[in-house]
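Please open the structure in your viewer and keep the selection tool at hand. The stops below can be followed in order, one selection at a time.

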Amino acid sequence: MKTFFGKILFGQLAVSIAVLIIMSFIFSAAVRSSISSWNSDKQWELQELLMPVISKAYRLNGSLSEQSLEKALLPYITDSLYVYVFDTEKNPILLMEDGKPRTLEEVEKKTGSIGSFISLNSPVPIKDGETVIGYLLVDNVDFLAYKANRLFISTIKRASSIGAVFAVLFAVGFSLFTASVFSKKTTSLSKSITEIQSDSQEIPFTGIQELDKISRAVIKLKERLKYEESLRRQWMQDISHDLRTPLTAVKMQVEGLSDGVLKADNERFSALYSELNHIERLVCNLQELSRYESPETKINRSAIKANEFVEEIKDRFSILAERLGIQFKCDCLIKNGQEVFWGDMHLLQRCISNIIQNAFQHTEKNGEIIFFIKKIQLENEPKIIFTVLNTGVISETDIPHVFERLYRSDRSRSSEGNGLGLSIAKAIVNLHNGKISIENVIENQKKMVKVYIEIPFAP
């Protein structure tokens, strides 16, 4: 019963049987309750019938005697009744069963001590006016003593048995039908999931809400896999290009040196060293990005003073900004600059440095780069905000892709860098459970590119 078909079939059969068992208990209880009610009503009717007869016999004879009572009650007695009449001291006067008088010994053989029987079955007082003249116990011997009652119960049992058989057969048939339908639908869905990489394979919708949720999730997964596959191919092409270009340059120069075409001077060795450095940086960045994106990577959080963090970034890029003729501003907008936030100091410095380095590559001379941090309250939780602004505009078509690995808007790969800096920055932000985004904005009537980072202020 490990298949979907088997589990549905077994489940519906189990539920059907459980319902039948519960209904049988309810039916039995209802029958017993009906019999008990019938007995109570019958006993009350008999009492109402015999009381006036006994009172009349008392008034005619001046007392209650066995002979007078037997003569008076005999026309009303049937084989299914017992009638016990007692005097005011609850001593037996007349004991009748099956339409015949019985002795005390005969009755006690069936009922036990008559006193105990009376204590368990309280007799009804017989009154003549307001005077109690005796006591009466009357009842049916058994509900099933009547043939009509026996036929009724027998019919009910037979009808219930037939109904139970048909109910089980219907449950089995319905279970087989529904389980087979579900099984076909799940088999079709399973086949589609197995062949998810095939573009021609359509993901079916079954009309069952839960299975359709799976279908929609599979469609999204298929689209994601297709997208990831295109990224992987582009990534491999980009890696191949970024490695092939410097390797080809190194190879050609080494061949030229070997053939004596090129002079082995300091300038030549400097060019070779530069190409080898480019290869090393690419490999190291790829390794670093892979480590940051790994689920096993843990960060070392520590308390970081806000103003010291800003000063470190300022010192790192001030000389580069001066050399390139770009105005570089840094600011800490947290009121108490000595206030600390929590994060991995080394990783956050790397993250912001990568973003600012990218800003320098896309900012023209006499342009402006601004970096500042501040603290805000979002959803009752403090956040530390890092913002980097640089003059210029980024293409709207590039915005969704700038944090992808090895992505560069210049597809010729002629620009500096290897397209991994922003990917590494995003991976570091993710390690801090933060968010990163990029957009075009207007600041001080200037078109600028804004990178916005938000991470939790506290650990």
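What follows is a tour of two sheets and the helices that lie against them.

This is a predicted model, in which local features need pLDDT of at least 70 and side-chain atom pairs count only at pLDDT 80 or more, while totals for chains, interfaces and linings use all residues. Residues are numbered from 1 along each chain as its sequence is written, and side-chain values use heavy atoms, with hydrogens and water left out.

**The antiparallel sheet**

Begin by selecting the five strands that form an open sheet in the order S3-S2-S1-S5-S4, with antiparallel pairing. Strands here are DSSP runs (E, at least two residues), as helices are (H or I, at least four), numbered from the N terminus, and two strands pair if DSSP finds at least two bridges between them. At the edges you will find strand S3 (100–101) and strand S4 (124–128), each of which pairs on one side only.

Next select residues 81–86, strand S1, together with residues 92–97, strand S2, which pair in the antiparallel sense over five bridges. Within this pair, Phe86 stands opposite Pro92 in S2.

Now add helix H2 (residues 66–73), which packs on the sheet and touches S1, S2 and S3 (contact means heavy atoms within 4.5 Å). The direction of H2 makes about 35° with that of S2, where axes are lines fitted to C-alpha atoms, for helices over the stretch in contact, and angles run from 0 to 180 degrees between N-to-C directions. Helix H3 (residues 104–111) also packs on the sheet, touching S1 and S2, and its direction makes about 60° with that of S2.

**The mixed sheet**

Move on to the five strands that form an open sheet in the order S7-S9-S10-S12-S11, where the pairing is mixed. Its edge strands are S7 (327–332) and S11 (435–443), each pairing on one side only.

Select S11 with strand S12 (residues 446–456), and you will see an antiparallel pair joined over nine bridges, in which Met448 of S12 is the bridge partner of Val441.

Helix H9 (residues 345–361) packs on this sheet, touching S7, S9, S10, S11 and S12, with its direction at about 25° to that of S10. Which residues of H9 are buried? Among them are Leu347, Ile352, Ile356 and Phe360 (buried means under 20% relative accessible area, with a 1.4 Å probe and protein chains only). Finally, at the start of H9, select Asp344, whose side-chain oxygen reaches to within 3.2 Å of the backbone nitrogen of His346.

Conventions: Buried < 20%, exposed > 50% of the residue type's maximum accessible area, 1.4 Å probe, protein only. Polar contact = N/O pair within 3.5 Å; in protein donor to acceptor, adjacent residues only side chain to side chain.
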